[in-house]
Amino acid sequence: MAEPFLIGDRMTGGYGGADILHGCTVAVDKGEIAVIVGPNGAGKSTAMKAVFGMLDIQSGAVRLNGEDITRLTPQARVAKGMAFVPQTSNIFTSMSVEENLEMGAFLRRDDISGTIEEVYHLFPILKEKRRQAAGELSGGQRQQVAVGRALMTRPTVLMLDEPTAGVSPIVMDELFDRIIEVARTGISILMVEQNARQALEIADKGYVLVQGRNAYTDTGRALLADAEVRRTFLGG
Ligand SMILES: Nc1ncnc2c1ncn2[C@@H]1O[C@H](COP(=O)(O)OP(=O)(O)O)[C@@H](O)[C@H]1O
Ligand SMILES: [Mg+2]
């Protein structure tokens, strides 16, 4: 079996106290969408932080394109092609939309104007609002800024922690469509979602986490069809 493009492999660890993750594995293949779902407090955000190097894992490993990156800092992982949009505080609210995008490109020394245009092509409303403070935008638009900012490093892997939190169902559908578009360009998407049913519909791979462990892992389609998963995690 081929190694996934990005894998957090049997990760165990937490924040210094009791372990939160207990042998948890999440992975995504090139150009695919992997979705992590599960109850509040299951460790979904912790798993994302572990993959991105924001907490030390006691055991397990993180590998990107076959390379062991377990001991790399988040900054070093960005340089390797990873981008992460955290669940909260993911934009600079007092800066303009365009300044947020420029900040996202902080590691680059080349011309970023083409990438800014690509982000505006993906999210046209951001071009209209490019001079506005990001904090003045609607929830859905702010999430577009956060995703756009992450794309500014031209990542190979985009990690999103609840990108549709607090937005209407219409805005959620719209954002999912844009995420599919990003994946079609070859970027791998590893995403945590509260809107489990809708997210699994667009997922190549789905992970149900419970108390820091993998409860179910399958294709999005198979998880949606699984009676036990439906009853326990998807509201029937
Ligand atoms: N910074 C932190 N320090 C200590 N414990 C934390 C921290 N963040 C989260 N936790 C704990 O880790 C567990 C998993 O949290 P989290 O990964 O945020 O869950 P989820 O994203 O699935 O809702 C919870 O018990 C939570 O209280
Ligand atoms: Mg979370």
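## Pairing and the central strands

Two strands are taken to pair if DSSP finds at least two bridges between them. In this predicted model, strand β7 (residues 157-161) and strand β8 meet that condition, running parallel and joined by 5 bridges. Within this pairing, M159 stands opposite L190 of β8.

On strand β3 (residues 33-37), β8 has a further parallel partner, with 4 bridges between the two. One of the residues involved is I33, whose bridge partner in β8 is I189.

## Burial of strand β8

Strand β8 spans residues 188-192 and is mostly covered, with 5 of its 5 residues buried. In a regular strand, side chains alternate between the two faces of the sheet. In β8, S188, L190 and V192 point one way, while I189 and M191 point the other way. Both sets are buried.

## The nonpolar core

In soluble globular proteins, nonpolar side chains tend to be buried together. The largest nonpolar core of this model has 67 residues, and the members that touch the most others are A34, A47, M159 and I189. Strand β2 (residues 19-28) supplies the largest share of this core, 6 residues.

Two of these core residues also appear in the strand pairing: M159 lies opposite L190, and I189 is the bridge partner of I33. For A47, leaving aside residues up to four places away in sequence, the contacts are G8, M11, L21, C24, V26, I36 and L209.

## The antiparallel sheet

A separate description applies to an open sheet of 4 strands, ordered β2-β1-β4-β5, with antiparallel pairing. Its edge strands, β2 and β5, each pair on one side only. Between β4 and β5, which run antiparallel, there are 2 bridges; one residue of this pairing is L64, whose bridge partner in β5 is E67.

## Residues with positive phi

Most residues other than glycine have a negative phi. R10 departs from that pattern, with a positive phi near 50°. R10 belongs to strand β1 (residues 6-14). It has 15 other C-beta atoms within 10 Å, and R10 is therefore classed as partly exposed, the class between 12 or fewer neighbours (exposed) and 20 or more (buried).

N65 also has a positive phi near 50°. This residue sits in the loop between β4 (57-64) and β5 (67-68). N65 counts as partly exposed because it has 14 C-beta neighbours inside 10 Å.

## Surroundings of ligand 1

The shell around ligand 1 consists of Y15, I20, G38, N40, G41, A42, G43, K44, S45 and T46. Helix α1 (residues 44-52) contributes the largest share, 3 residues. By class, the shell holds 3 nonpolar, 6 polar and 1 charged residues.

## Annotated domain

According to the UniProt annotation, from an unreviewed entry, residues 6-236 are covered by "domain: ABC transporter". In the model, this span is 37% helix and 26% strand, and its end C-alpha atoms lie 32 Å apart.

Key. Residues are numbered from 1 along each chain as its sequence is written. Chains are lettered from A and ligands numbered from 1 in the order in which they are written. This is a predicted model: local features need pLDDT of at least 70, side-chain atom pairs count only at pLDDT 80 or more; totals for chains, interfaces and linings use all residues. UniProt positions are given in the numbering used here, feature names are shortened, and annotations may be inferred rather than shown by experiment. A residue is near a molecule or strand if its C-beta atom, placed from the backbone, lies within 6 Å of it. Ala, Val, Leu, Ile, Met, Phe, Trp, Tyr, Cys and Pro count as nonpolar, Asp, Glu, Lys and Arg as charged, and the others, Gly among them, as polar. A nonpolar core is a set of buried Ala, Val, Leu, Ile, Met, Phe, Trp, Tyr and Cys residues joined through C-beta atoms within 7 Å. Two residues are in contact if their C-beta atoms, placed from the backbone, lie within 7 Å.
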